[in-house]
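Hi everyone, thanks for making time this morning. I'd like to walk you through one structure, so please have a look at it while I talk.

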Amino acid sequence: MAATAPAPVKTQSPLQLPASTARTRSDGSSSRRMAVRSAIGAVIALAFLAPYLIMAVGSLKTRSEILGVPPAYLPQDGLQFGNYTTMWDTPETPLPFNLMSTIIIAVCSTILVLLVATPAAYYTARFRFPGRMVFLFLVIVTQMLQPAVLTAGLFRQMLWLDLNDTWLAMILINAAFNLSFALWIMHSFFAAIPKEIDEAAQIDGAGRLRVLFTVNLPLVWPGIVTAVIFTFVSAWNEFAASLVIMSTAENQPLSVALTKFIGQYSTSWQYVFGISIVAIVPVIILFAVIEKRLIGGLTAGAVK
């Protein structure tokens, strides 16, 4: 009777770990990497948020607490929410009028930029005309010039136009200095739309304006949102030209009114912090409302 060969015994290499052990170690390594990344992200976020936290806490202190030595990081005499009510009636500046001026200038500047940049971006993206590249180059060159550099010339020009110390002057200035960015960002979006879409709409009887407003605008909505947010924030924060051109306290925006609380011998820091918090709230709300479309506009074209 023939002998049966013994079944081979599977041996495990001393360097080879069981699949479950390897998986456990891999999960542990991934968790540690995630924890390290979260910690680094938290530190970076705290570094960026620290100035806003300091302003928020400082706006709830008294002036003596802010200037106290050694400094107190938290209010010691209770939260001074009254700072947010008394700052509107301070003699330094008519703050309600300043807030209204800021809103009107920022909103009207943004609307004017959209009304001019949208058809201009569509035309430069869809049509080839003599001097087109020169025109686009000159448009982007204007982005290198800021109101702070041209304040003297802008002041003389507004005097000549009899627009000095008016909202219209600041609306035109803000729109002019933000037009180039809006035009370029929307130009790239219009250029990415196939011309066949326009041709198909025209075959169906749509005119050029209808093609622009009903066909193209919905497709470039992320670009429009991007232009809106950057134009609005730039006009909201503009300071140099407003400081020179707006001489009446009621017409000045918040960026200029804020300096009225900083004196030669004393500064009302609790009001400076409070006004700063009030000034950033509309921008935060705007970002929160259109955040998704803004991210889409900024990342458009990154992946084909």
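**A walk through the helices**

Let me begin with residues 34-54: this span is 100% helix and 0% strand, and its end C-alpha atoms lie 29 Å apart. Please keep in mind throughout that we are looking at a predicted model. Why pick that stretch? The UniProt record, an unreviewed entry, lists 34-54 as a "transmembrane region", along with 97-122, 134-155, 167-190, 211-236 and 269-290. I took one other span from that record for comparison, residues 211-236: here the end C-alpha atoms lie 33 Å apart, and the span is 96% helix and 0% strand.

Now the whole protein. How many helices and strands are there? The protein has 14 helices and zero strands, so if you read along the sequence you simply get α-α-α-α-α-α-α-α-α-α-α-α-α-α, going by the DSSP runs. As for burial, 34% of the 304 residues count as buried.

Next, please find H4. Helix H4 runs over 95-126, and its 32 residues reach 46 Å from the first C-alpha to the last, close to the 46 Å expected at 1.5 Å a residue. Where does H4 kink? There is a kink of about 25° at Ala 117, and the proline Pro 119 follows shortly after.

Leu 114 is also in helix H4. Is Leu 114 buried, exposed or partly exposed? Its relative accessibility is 22%, and buried means under 20%, so Leu 114 counts as partly exposed. Along the chain, Leu 114 and Met 186 are 72 residues apart, yet their C-alpha atoms are separated by 9.8 Å.

There is another pair of this kind. Trp 269 belongs to helix H13 and has a C-alpha atom 9.7 Å from that of Ser 64, with their positions 205 residues apart along the chain. Trp 269 is partly exposed too, at 32% relative accessibility.

**Empty space**

For those of you who like volumes, let's turn to the space between atoms. Rolling a probe the size of a water molecule over the atoms shows where empty space is left.

What is the volume of the largest pocket? It comes out at about 340 Å³. There are 15 residues lining the largest pocket, and the closest to its centre are Trp 236, Asn 237, Ser 276, Ala 279 and Ile 280. Which elements build that lining? Helix H1 (19-58), helix H10 (221-237), helix H12 (254-257) and helix H13 (269-289) each give at least two residues. H13 provides the largest share, with six residues. In terms of chemistry, 11 of the lining residues are nonpolar, four are polar and none is charged.

The search for closed space over the whole structure finds one cavity of 30 Å³ or more, and its volume is about 30 Å³. Helix H4 and helix H7 (167-191) are the elements that give two or more residues to the lining of this largest cavity. The lining consists of Thr 102, Ile 105, Met 170, Asn 174, Ala 235, Glu 238, Ser 242 and Pro 253. Those residues divide into four nonpolar, three polar and one charged.

**Backbone points to check**

Let me finish with the backbone. Most residues other than glycine have a negative phi, and most peptide bonds are trans. I have three places to show you against that background.

The peptide bond from Val 69 to Pro 70 is cis, with omega near 0°. Pro 70 sits in the loop between helix H2 (63-66) and helix H3 (83-86).

For the other two, go to the loop between helix H6 (151-160) and H7, where you will find Asp 162. Asp 162 is not a glycine, but has a positive phi of about 60°. Asp 165, in the loop between H6 and H7 as well, has a positive phi of about 65° and is not a glycine either.

Are these two aspartates buried or exposed? Asp 162 has 68% relative accessibility, which is over the 50% cut-off, so Asp 162 counts as exposed. Asp 165 has a relative accessible area of 15%, which is under 20%, and therefore Asp 165 is buried.

That's my tour, and I'm happy to take questions.

Conventions: Residues numbered from 1 in each chain as written. Predicted model: local features only at pLDDT ≥ 70, side-chain atom pairs only at ≥ 80, totals over all residues. Heavy atoms only, no water. 1 Å grid on protein atoms, 1.4 Å probe; cavity = no way out; pocket = protein on both sides within 12 Å on 5 of 7 lines; lining within 4 Å. Points joined across faces, edges and corners; volume = space filled by probe spheres on them. Helix = DSSP H or I, 4+ residues; strand = E, 2+ residues; numbered from the N terminus. Nonpolar A, V, L, I, M, F, W, Y, C, P; charged D, E, K, R; others polar. Expected span 1.5 Å × (residues − 1). Bend = angle between axes of the 7 residues up to and from the residue. UniProt positions renumbered as here; feature names shortened; annotations may be inferred. Buried < 20%, exposed > 50% of the residue type's maximum accessible area, 1.4 Å probe, protein only.
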